Amino acid sequence: MAQVSVVAPVRPPAPKLVKVAAYARVSTNTVEQFASLSAQVSYYSRLIQSTPGWAYVGVFTDEGVTGTSTKSRQGFADLMEAARGGGVDIVLCKSISRLARNTVDLLATVRELKDLGVAVRFERERIDTLSADGELLLTLLASFAQEESRSLSQNVKWAIRNRYKSGGTNSFVVYGYQWTDGEFTIVEEEAEIVRLLFVNFLDGISPEKTATMLNAEGKRSRGGGRFYGSVFRRMLENERYKGCQMLQKMYRPTIQARTRAFNDGELPRYWVDNALPAIIDEEMFDAVQAEIAHRREMGPAATPSKNTGVFTGRIYCQACGKNYQRKTRTRATMPDYKFWRCWSACTGNGNPCGGHNIRETLLEHACADVLGTQSFDPAVVAEHIVMIEAFEHQLTFHLTDGTMTPVGLTSEGRLA
């Protein structure tokens with residue numbers, strides 16, 4: 001007799017959910033753009049969560065950043081990190097220009113995602129990058145997007161340069177001033193620091209020392225940070241403090257250039273008198289510029305406030321014409337010692353001049369011999385030695401009476 005058994009139905013495995021994310025970006029901080037971004041986020045959130053078979057990963061956003069480069073976009077970086085970790089299967093994007101307007105960056109991004117098995121779907125262009133003709137269409141459309149960005153950049157540049165022609169500025173943040181109602185006004189608390197900086201400089205107090213003094217007093221910059229001598233040095237040469245402006249001092253050579261270049265005649269420059277109220281009178285400003293030029297010509301020894309020593313600014317490399325700088329050799333089991341090295345050998349590019357490192361004690365002995373003193377006397381050196389020229393096999397001492405005295409060196413840089 002036949003036996004009958006019940007066969008349980010074989011249930012197919014549950015379909016694997018597709019992990020879907022979206023990317024949205026706006027390039028400016030305007031209210032209208034933020035509203036657009038909010039609308040994109042809401043739209044993609046509803047779309048992904050309401051589509052059967054899709055698992056919502058998230059909407060990655062960037063606010064107020066340019067699309068000409070994928071760098072410096074945190075939302076984009078987070079999206080790529082999620083994709084590399086296997087957390088994304090599909091990326092939705094409104095259009096190609098929202099992801100990137102640079103063809104090279106766009107294709108590199110799409111190809112990396114394609115290698116990871118991640119599709120990018122651009123709604124406006126109706127492109128799926130995993131389809132057969134997706135990359136060909138992407139290449140063509142991305143080229144148009146890059147041209148659109150270049151055209152937009154040219155329009156912006158045209159507007160800025162026309163503003164320059166009429167004396168209008170494109171930079172509104174200057175320490176000592178605030179921009180209100182279309183004009184610069186003096187911030188007196190900051191202006192006092194600017195005046196102190198200029199007065200101190202003419203009195204022989206370096207910008208670094210002025211910064212140290214202000215920091216010690218608890219004074220802070222506009223952003224709440226410390227003052228720095230390097231910033232003060234740039235302020236000393238800012239013509240705005242005497243009420244004038246040089247417009248278009250710098251420019252961006254190409255749309256993709258990361259940094260601006262100095263305008264050495266590639267584009268017109270415009271000088272504007274009485275562009276803003278002066279904090280420093282013209283006589284003091286010009287005196288500071290003359291002193292800056294003098295100090296650059298004389299080297300570090302021209303700054304009285306620095307504890308430079310008698311050799312600072314006096315030792316020159318015959319091979320490259322640069323000054324020698326004082327260094328300290330630190331040793332674990334022996335005393336430290338001072339020596340002098342050509343500036344070119346202090347830049348981390350080897351020793352292109354081939355000059356010796358000269359011990360300070362050697363220089364002191366040589367000076368005593370040349371000047372006929374019993375011992376090294378910095379005051380006598382300062383009075384009688386104008387310059388010490390460093391050659392491969394000798395040091396030449398230039399004296400104030402016009403004579404030159406050579407002192408031989410061994411191949412190791414010791415006195416011969």
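**Close-up 1. Burial of Phe311 and its ring pairing with Phe376.** In this predicted model, Phe311 has a relative accessibility of 3% and is therefore classed as buried. Its partner Phe376, at 25% relative accessibility, counts as partly exposed. A search of the whole structure yields twelve aromatic pairs. In the pair formed by Phe311 and Phe376, the ring centres are 5.7 Å apart and the planes meet at 25 degrees, so the arrangement is stacked. Phe311 belongs to the loop between helix H9 (282–298) and strand S12 (315–317), and Phe376 to the loop between helix H10 (360–371) and helix H11 (378–384); the pair therefore ties together parts that are 65 residues apart in sequence.

**Close-up 2. The ring pair of Tyr337 and Phe339.** The centres of these two rings are separated by 6.1 Å and their planes by 55 degrees, so the pair is tilted. Phe339 is buried, because its relative accessible area is 4% and the limit for burial is under 20%.

**Close-up 3. An aromatic cluster.** Tyr177, Trp179, Phe184, Phe198, Tyr241 and Phe285 are linked into a cluster by ring pairs.

**Close-up 4. Charged side chains over aromatic rings.** Arg73 places its charged end over the ring of Phe76, at 5.1 Å from the ring centre. Likewise, the charged end of Lys322 is located over the ring of Trp343, 5.1 Å from its centre.

**Close-up 5. A nonpolar surface patch.** Leu136, Leu137 and Leu140 make up a nonpolar patch of about 280 Å² on the surface. Of these residues, Leu140 is part of helix H5 (residues 134–165). With a relative accessibility of 48%, Leu140 counts as partly exposed.

Methods: Residues numbered from 1 in each chain as written. Predicted model: local features only at pLDDT ≥ 70, side-chain atom pairs only at ≥ 80, totals over all residues. Heavy atoms only, no water. Patch = residues over 30% accessible without salt bridge, like charges linked within 9 Å, V, L, I, M, F, W, Y side chains within 5 Å. Areas by Shrake-Rupley, 256 points an atom, 1.4 Å probe, with all protein chains shown as cover. Salt bridge = Lys/Arg side-chain N within 4 Å of Asp/Glu carboxyl O. Helix = DSSP H or I, 4+ residues; strand = E, 2+ residues; numbered from the N terminus. Buried < 20%, exposed > 50% of the residue type's maximum accessible area, 1.4 Å probe, protein only. Phe/Tyr/Trp six-rings, centres within 6.5 Å; stacked < 30°, edge-to-face > 60°. Lys NZ or Arg CZ within 6 Å of the ring centre and 35° of its normal.
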